[in-house]
Amino acid sequence: MLKNVESLKSGQIPRKTSFKLRNLEVFPNTILSPMDGVTDAPFRRLCRVLSGNRMGLLVSEFVPTDGDAVFNIDGHKQLKFFPEERPFGVQIFGRFPDRMAAAARKIAVNLHPDFIEVNAGCPAPKVAGKGSGSGLLRDLPRLQEILHDVKKALSSEDVNLPLTLKCRIGWDSESINVMETLKIAEGEGVELLVVHGRTRLQGYNGLADWDWIGKVAAAAKIPVIGNGDVNSVECAFDRIENYGVAGVSIGRGAMHNPWIFGQIADAWEGKPAHVITAEEALDVFPLYYKFKLEDGATEMGALGRLKQLGARLCKGFVNLDERRETRDERGADVEKSAAMEVRQTLLTAQTPEEFFERLQRLREDEAKNLRYEPSRLINLNGAKETELKFGDQFAGR
């Protein structure tokens with residue numbers, strides 16, 4: 001299913017370092033995968049700053065279209081983005097073609113993103129169980145109708161934006177239909193397809209099936225972007241070189257390593273790898289906090305997101321002192337304990353002031369004995385959904 005990821009040789013770059021979305025040349029050939037509750041404007045801005053403004057494409061958190069009879073832009077905070085985030089796209093989801101099309105047109109006319117993306121990949125029961133997101137993979141005629149109507153809404157005298165699609169390879173292992181999805185997408189004028197190499201039933205469990213992604217890329221007439229388990233420069237190189245994709249979309253890998261886009265851009269530009277120190281890893285928190293406040297978050301709300309980021313980053317810490325990389329009397333890995341100590345220190349802070357005081361102490365003490373190696377994390381997160389109610393998706397059709 002997966003090829004071995006070999007170490008990237010110094011100065012080695014893949015055959016493809018960019019892709020085109022209509023007339024837009026995208027370098028590096030990466031996308032920050034939209035993740036609900038994670039990839040808001042502050043997180044996207046953080047990744048862009050850490051990348052040296054070399055992010056590829058950015059996409060909004062997904063925007064629901066089913067809730068209101070008349071789509072209201074002001075009612076969706078996910079639509080907020082900053083000029084420096086371009087090229088930027090808005091991802092929408094829903095099960096009603098007319099509402100999806102109306103929302104797409106209103107967003108295009110009022111906000112002028114660089115593209116609109118339809119979500120056929122979200123596995124969340126509250127989304128897929130109602131027939132939208134990856135639920136559309138069980139109703140391909142509906143997906144086709146949505147793509148047709150949205151494409152039409154984006155193609156007029158006053159609006160002319162590219163349409164992209166994000167999907168999974170199928171609902172479950174017995175109903176993989178990504179090749180049919182590709183055919184529909186190309187037939188309805190989709191200009192780029194992002195394929196997550198898992199089924200809906202997998203959720204985020206196990207490893208993505210890149211063989212299926214490769215089959216789609218080989219058959220496609222449009223750029224295909226692969227998504228799933230990309231957590232390092234070496235992994236991105238392998239997927240682009242060995243599976244024929246135009247680029248990679250990175251989600252949970254960026255949560256653990258928001259520098260990854262800059263690392264990929266450096267490699268594609270032939271620059272030496274930048275080693276991120278533990279101190280540098282800890283330095284992202286003040287900047288992220290600033291971006292959260294600028295986005296309208298309360299201080300305590302921003303603290304919650306600092307802790308969310310901290311929980312991810314700390315998984316990449318490894319102890320520098322080899323003498324301590326042994327097992328203690330309880331059989332616990334001391335290497336893990338060192339990272340857990342930093343994690344506990346940050347996550348138990350009760351106020352922003354306490355968080356930053358502890359952060360400073362960590363930088364001056366424990367961080368000097370740690371190195372930051374997020375690429376060692378392979379199975380990043382996730383659990384398998386074994387049951388899902390799927391009966392009300394046709395209500396109100």
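This report walks through the aromatic contacts of a predicted model and the surroundings of one of its strands.

## Aromatic pairs

Let's start with the rings. The structure holds 10 aromatic pairs. One of them joins F81 and F88, which are stacked, with 4.3 Å from centre to centre and 20° between the planes. Both partners are worth a look for their surroundings: F81 is buried at a relative accessible area of 18%, and F88 is buried as well, at 0%.

A pair with another geometry is formed by Y289 and F356. Their ring centres are 5.2 Å apart and the planes meet at 70°, so this pair is edge-to-face. Y289 belongs to helix α11 (residues 284-294) and F356 to helix α14 (residues 352-364), so the contact ties together parts that lie 67 residues apart in sequence. Y289 counts as buried, with 12% relative accessibility, whereas F356 is partly exposed, at 22%. The cut-off for buried is under 20% relative accessible area, which means that the two residues fall on opposite sides of it. Y289 and F356 are also members of a cluster, in which ring pairs link them with F285 and F355.

## Charges over rings

Two arginines are placed over aromatic faces, and they make handy spots to visit in a viewer. R45 lies over the face of F82, at 4.1 Å from the ring centre. R168 lies over the face of Y204, and here the distance to the ring centre is 5.0 Å.

## Strand β7 and its neighbours

Now to the strand. β7 spans residues 115-120, and 6 of its 6 residues are buried. The cover extends to both faces: on one side F115, E117 and N119 are buried, and on the other I116, V118 and A120 are buried too. If you are scanning for polar side chains in covered positions, E117 and N119 are both found on that first side.

What runs alongside β7? Strand β6 (residues 88-93) pairs with β7 in the parallel sense, over 4 bridges. Within this pairing, G89 stands opposite F115. To get from β6 to β7 the chain passes through helix α2 (residues 97-111), and this β-α-β crossover is right-handed.

Strand β8 (residues 163-170) is another partner of β7, again in the parallel sense, with 5 bridges between them. Here N119 stands opposite K166 of β8. N119 therefore combines a place on a covered face of β7 with a position facing β8.

Methods: Residues are numbered from 1 along each chain as its sequence is written. This is a predicted model: local features need pLDDT of at least 70, side-chain atom pairs count only at pLDDT 80 or more; totals for chains, interfaces and linings use all residues. Side-chain values use heavy atoms; hydrogens and water are left out. Rings of Phe, Tyr and Trp (its six-membered ring) pair if their centres lie within 6.5 Å; planes under 30 degrees apart count as stacked, over 60 as edge-to-face and the rest as tilted. Buried means under 20% relative accessible area, exposed over 50%, partly exposed in between (1.4 Å probe, protein chains only). Helices (H or I, at least four residues) and strands (E, at least two) are DSSP runs, numbered from the N terminus. A charge sits over a ring if NZ of Lys or CZ of Arg is within 6 Å of the ring centre and within 35 degrees of the ring normal. Two strands pair if DSSP finds at least two bridges between them. A crossover is right-handed if, with the strands pointing away from the viewer, the path from the first strand over the helix to the second runs clockwise.
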